[in-house]
Amino acid sequence: MSIIQRYLLTMVLAMLFIPGLTALLLGHLEKKRMEQEIDHRIELVARFAGATREYVAKNLRPALDQVAREFILEGKSSSYVTNGIFGYFNRHFPDYRYRQPALAPLNPTHLASPFERDLIKRFQENSALTVIKGYQKVDGRIYYYSAFPVVMEQKCLPCHGNPVDAPAALLNSYGTDSGFHWPVGKVISATVIQVPIDDEIAAMHARYYVLGGCALLLLSFFLGLHQFLFHRSFIRRLSLMTAIMDRQGGEGSVVERLPDEGADELGLLARSCNRTIQQLREANLELERKARRVAASEGSDVEFS
Ligand code: HEC
């Protein structure tokens, strides 16, 4: 393998290694940044839903209680109101999902799916767990989800305790089969918020392709430039020196000096070679002179013998 081939190979390996490492690091940071951004969106949804529930419990329900003793689903149930508001929100953002599924819900549409059941079970088994995050594929789309535990409290008992205590209007709407006798202090549901992230992933891939393309272009340009300069300032001069040195000392050879005597390393080498050529040339001339003298003296010997 020639010097330039070895040199270029080392350069290519170094240049592939560095961008490769950079790409891995960038990918990691990009994913982190995307998750932070999605986390922020999920937190907004969760906080807005939480604020709605709080408003119903602290403002709307007490205000309605003053004018109507009976249970009005559309104004007194924070779950019902929050789900209703989220329904309107979904008109503009249909891919955002907000659910509070339960293993035994009042409203059958809130029955936990196998995936949701698994989340609730994990919260039930580990009370220290405050959030579960992850990716989920639904109907070919990728979602990022966050789930938070919902714990049964004393104040929920009027509607989720014994059905005997529940408002008649609630029993009329949901019956008595499910949604009651929830144990206080236990996780009975989970708030699950899902946000689609296909667009973010596609944008991340697009950024990768553009960056990768630019890096490849730069790499090719850099290697081309290196090859050109290396050839010009090293290989070409070295080949010329080799050719001249090869012609030295042959039969009937012409004595040439190396033309390149610049200030760099190759110039120094050329000067040193020129000195050697000069010394060889003088030694040769001396030898020739001696040979001629010997030949001349042998000739006179013949004459006088
Ligand atoms: C005033 C009655 C009332 C109170 C008090 C109440 N809820 Fe509910 N809850 C409801 C109604 C009604 C629904 C069904 C709403 C719907 O159909 O969307 C519901 C639904 C739910 C759901 C969704 C699953 C299901 O059963 O459909 C969860 C979870 C829930 N409530 C948790 C709680 C918790 C936790 C508390 C206490 C902090 C609480 N609720 C207090 C009336 C109540």
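1. Strands β3 and β4 of this predicted model run antiparallel and are joined by 9 bridges. Strand β4 spans residues 187-196. Within this pair, Y143 stands opposite P196 of β4.

2. Strand β3 (residues 141-151) also pairs with strand β2 (residues 132-138). The two run antiparallel, with 7 bridges between them. I132 has A147 in β3 as its bridge partner.

3. The connection between β2 and β3 is a hairpin with 2 residues between the strands. D139 lies in the turn and has a positive phi of about 50 degrees. Anyone inspecting the backbone of the turn may wish to look at D139.

4. The largest nonpolar core has 21 residues. Those touching the most other members are L119, I120, Y145, A190, V192 and I193. Two or more residues of this core come from each of α1 (3-67), α4, β3 and β4. Helix α4 covers residues 114-125, while β3 and β4 are the antiparallel pair of point 1.

5. Which residues does I120 contact, leaving aside its neighbours within four places in sequence? They are L103, A112, V187, S189 and A190. Of these contacts, A190 is itself among the core residues that touch the most other members, as is I120.

6. The domain assignment divides the chain into domain 1 (3-207) and domain 2 (208-298). Their C-alpha centres lie 75 Å apart. Even with that separation of centres, 11 residues of domain 1 are in contact with 12 residues of domain 2.

7. On the side of domain 1 that touches domain 2, the elements giving two or more residues are α1 and α7 (198-247). The largest share, 7 residues, comes from α1. By class, this side of domain 1 has 9 nonpolar, 1 polar and 1 charged residues. Helix α1 thus appears both at this contact and among the elements that give two or more residues to the largest nonpolar core.

8. On confidence, the chain averages a pLDDT of 87, and 94% of the residues score at least 70. Among the elements of the chain, helix α4 has the highest mean pLDDT, 97. The lowest mean, 81, belongs to helix α8 (residues 265-304). Where pLDDT is low, the predicted coordinates should not be read in detail.

Conventions:
Residues numbered from 1 in each chain as written. Predicted model: local features only at pLDDT ≥ 70, side-chain atom pairs only at ≥ 80, totals over all residues. Pairing = 2+ DSSP bridges. Helix = DSSP H or I, 4+ residues; strand = E, 2+ residues; numbered from the N terminus. pLDDT = per-residue confidence, 0-100. Core = buried A, V, L, I, M, F, W, Y, C linked by C-beta atoms within 7 Å. Buried ≥ 20, exposed ≤ 12 C-beta atoms within 10 Å, placed from the backbone. Contact = placed C-beta atoms within 7 Å. Domains from an automatic or database assignment. Nonpolar A, V, L, I, M, F, W, Y, C, P; charged D, E, K, R; others polar.
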